[in-house]
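Subject: Structure handover

Hi,

Here is the structure I promised to pass on. Please open it alongside this message, and then read on for what turned up in it.

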Amino acid sequence: MLQRYDALVVGAGGAGLMAALQLSKQGHVAVLSKLYPTRSHTGAAQGGIGAALGNMEEDHWEWHMFDTIKGSDYLADQDAVEILCREAIETVYDLEHWGLPFSRTPEGKIAQRPFGGHTREFGKAPVRRSCYAADRTGHMILQTMYQQCIKDDVQFYNEYHVIDLLVEQGRCAGVVAICLETGEIHTFQAKAVIFATGGFGRIFRVTSNAHALTGDGMSVVLRRGIPLEDIEFFQFHPTGIYKMGILLSEAARGEGAILRNRNGERFMERYAPSLLDLAPRDMVSRAIYREIQEGRGINGANYVHLDFTHLGRDVLDKKLPDITDFVRTYMGIEPAKELVPVQPTAHYAMGGIPTDNDGRVVIDDKNTPVPGLYAAGEAACVSVHGGNRLGTNSLVDILVFGRRSGRHAADFIKKNEFVPLGANPEERAREMVQRLTTNNGKERAGDVRGTLQDEMMEKASVFRDAKTLSAMREKLHEIRDRYNHVKVEDRGTKYNTELLEVIELGSLIDVAQVLVESALARQESRGAHFREDFPKRDDPNWLKHTLAYLGPKGIEFKYKPVKITKFEPKERKY
Ligand SMILES: Cc1cc2nc3c(=O)[nH]c(=O)nc-3n(C[C@H](O)[C@H](O)[C@H](O)COP(=O)(O)OP(=O)(O)OC[C@H]3O[C@@H](n4cnc5c(N)ncnc54)[C@H](O)[C@@H]3O)c2cc1C
């Protein structure tokens, strides 16, 4: 089946919806999403969106820029960070004008609260920069954006799962997708495609990420010869509910909650004497693991406590209603009175599909674009987060760069014609589906996925070294081999969610492989990538971005320089 649009957006989270809004003004546009749009993970974001509005105290986008670059451990591209922090401000006001119900100050301005790594005067003390709607900021963003898209008649194909990208004559020509309801394969021809498919936290056992975050978009482009950038940098958020990984937003610590070890000690005093619990996430997660390794986890187990007890019921009810409810529901604990068990949880992909500042996908160290192909949001790497993202900066990223990619693509579709499709555009997709649905192996997808997640957690998470990563490389060979013997029991076509899970597992394995190989190659520690065998940052050799390609013999690398404009790399102390 063939459909034709000027432009397609794959993904209906914040990034995809923002891009679609721009495009809808220019041409015939469709959004393809494997989920109903308002179920996208953006809706789970709790803590807030960062912008130097200065509503509560003095603040400037230059301070925001400095914090983001320092937080990134100097790997972020500084020209892109400047755009992020400048455009954050108008983006938040746009959301306000579209009706987003922000929490307010007594005089009616958008309220702001502190978040990890956000400071005033280039690192002096925490600043209140995160704009929020209680602890449901992402939910409100997603609903607001979706309403705007409906108003602008954006066309949605919900529960369409994209499985291939079409490239003709070096230009993007469209995508191939499976419709969940019918099982039919559809080709969508387009002049421009924007991938906004989100992250891949599901490669790890303990994660804050929704089940659908399986790195599909990254894997689809990787298989078509496009590299992935900086995938070794994966963020663990310090405070997931113990064993479950459900996120307790940094807004908790922003509002004053404190991390404590088995002795009741506020251990962050030893790791980040000035920012304490509000140090960047990579540092706090490592501190928690160190406490656990040195025997100061609670009852000798691998968790610590988050203490809300001094905040008072009123603050919890007004500012953190959802997360304190999670604690009551999932743990049976009353956070106003009892300590809450937490451990780091796999949260955010700093790396992704490489793009320039207009969202154009670039394929080499010279930033050569693929005409018509764009990426935005967590699936993309601009790079504004470098080695470690600050809290509240993803919601800014998805909207600022969702908009920029949408605008650039709108211009592109005006100036360019369709590229003709090849003779049989669906061939590769059909072959894959055929192979998976006729396989009579003995493996089950859930078991293979479980092994992948456990092994990645143990060998490639917060701490890594050559030994654990090489062992993981071997495991991935076994896992891939088992994957080739997975049997899809459901041989039907309608609502075959089992088939889609197997396809998603293939994506998870691809992305995990890129992560492990990139992490093995990078012989230094920077941001969220910590090598026990190379514990120092090494700027002379490694101040550069990884570009990982899927070659005939496995993963191959190129590297590209980091763009430094205003802030020379310095030692990172908080
Ligand atoms: C629990 C939690 C709390 C967070 N809190 C904050 C916060 O307070 N502040 C902050 O800045 N960041 C926060 N983050 C991070 C932030 O929410 C995400 O990085 C961001 O929302 C990602 O948006 P996105 O538009 O890129 O992707 P998503 O919102 O993840 O959307 C991805 C879209 O892609 C579609 N898709 C994926 N694969 C396919 C496919 N194969 N075919 C078709 N469609 C596909 C999905 O259907 C979905 O619509 C949080 C994240 C989590 C998990």
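Tyr271 counts as partly exposed, because its relative accessibility is 30% and the partly exposed class runs between the 20% and 50% limits. Please keep in mind throughout that this is a predicted model. Phe267, by contrast, is buried, with a relative accessible area of 0%. The two residues form an aromatic pair: the ring centres of Phe267 and Tyr271 are 6.3 Å apart and the planes meet at 90 degrees, so this pair is edge-to-face.

That brings me to the other rings. How many aromatic pairs does a search of the whole structure find? The count is 20. In one of them, Tyr242 and Tyr303, the ring centres are 4.3 Å apart and the planes are at 35 degrees, so the pair is tilted. This pair connects distant parts of the chain, with the two positions 61 residues apart in numbering. Tyr242 sits in the loop between β11 (234–241) and α6 (251–254), while Tyr303 sits in the loop between α8 (281–293) and β13 (304–307). Both Tyr242 and Tyr303 are buried.

There is also an aromatic cluster, made up of Tyr5, Tyr157, Tyr160 and Phe188.

Two charged side chains lie over ring faces as well. Arg4 is placed over the face of Phe418, 3.9 Å from the ring centre. Lys544 is placed over the face of Trp542, and there the distance to the ring centre is 4.9 Å.

Now to the ligand, which I expect you will want to look at.

The shell around the ligand holds 39 residues, and those that come nearest are Ser40, His41, Thr42, Gly47 and Glu378. Sorted by class, the shell has 15 nonpolar, 20 polar and 4 charged residues. For polar contacts, here are three distances to oxygen atoms of the ligand:

- Ser394: an N or O atom of the side chain is 2.7 Å from a ligand oxygen.
- Ala12: a polar backbone atom is 2.8 Å from a ligand oxygen.
- Ala196: a polar backbone atom is 3.4 Å from a ligand oxygen.

How much of the ligand's accessible area does the protein cover? On its own the ligand has 1,000 Å² of accessible area, and the protein covers 98% of that. The elements giving two or more residues to the shell are α1 (14–24), β2 (29–33), β7 (160–168), β14 (340–349) and α11 (393–415). Of the shell, the largest share comes from α11, with 4 residues.

Glu378, one of the residues that come nearest to the ligand, deserves a few more words. Its place is in the loop between β17 and β18. Is Glu378 buried or exposed? Glu378 counts as buried, because its relative accessibility is 12% and buried means under 20%. From Glu378 to Asp356 there are 22 residues along the chain, and their C-alpha atoms are separated by 14 Å.

Asn367 is found in the loop between β16 (360–362) and β17 (369–375). Asn367 is partly exposed, with a relative accessible area of 27%. Asn367 and Thr355 are 12 residues apart in sequence, and the distance between their C-alpha atoms is 8.0 Å.

Finally, some backbone details to check if you plan to work with the coordinates.

The peptide bond from Val382 to Ser383 is cis, with omega near 10 degrees. Ser383 belongs to the loop between β18 (380–381) and α11.

Which residues have a positive phi although they are not glycines? Asp153 is one of them, with phi of about 60 degrees. Asp153 lies in the loop between α4 (137–151) and β6 (155–158), and at 67% relative accessibility Asp153 counts as exposed. Gln169 is another, with phi of about 50 degrees. Gln169 lies in the loop between β7 and β8 (171–179), and at 66% relative accessibility Gln169 counts as exposed too.

Happy to talk any of this through.

Best wishes

Definitions and conventions. Residues numbered from 1 in each chain as written. Predicted model: local features only at pLDDT ≥ 70, side-chain atom pairs only at ≥ 80, totals over all residues. Heavy atoms only, no water. Near = heavy atom within 4 Å. Polar contact = N/O pair within 3.5 Å; in protein donor to acceptor, adjacent residues only side chain to side chain. Areas by Shrake-Rupley, 256 points an atom, 1.4 Å probe, with all protein chains shown as cover. Nonpolar A, V, L, I, M, F, W, Y, C, P; charged D, E, K, R; others polar. Phe/Tyr/Trp six-rings, centres within 6.5 Å; stacked < 30°, edge-to-face > 60°. Buried < 20%, exposed > 50% of the residue type's maximum accessible area, 1.4 Å probe, protein only. Lys NZ or Arg CZ within 6 Å of the ring centre and 35° of its normal.
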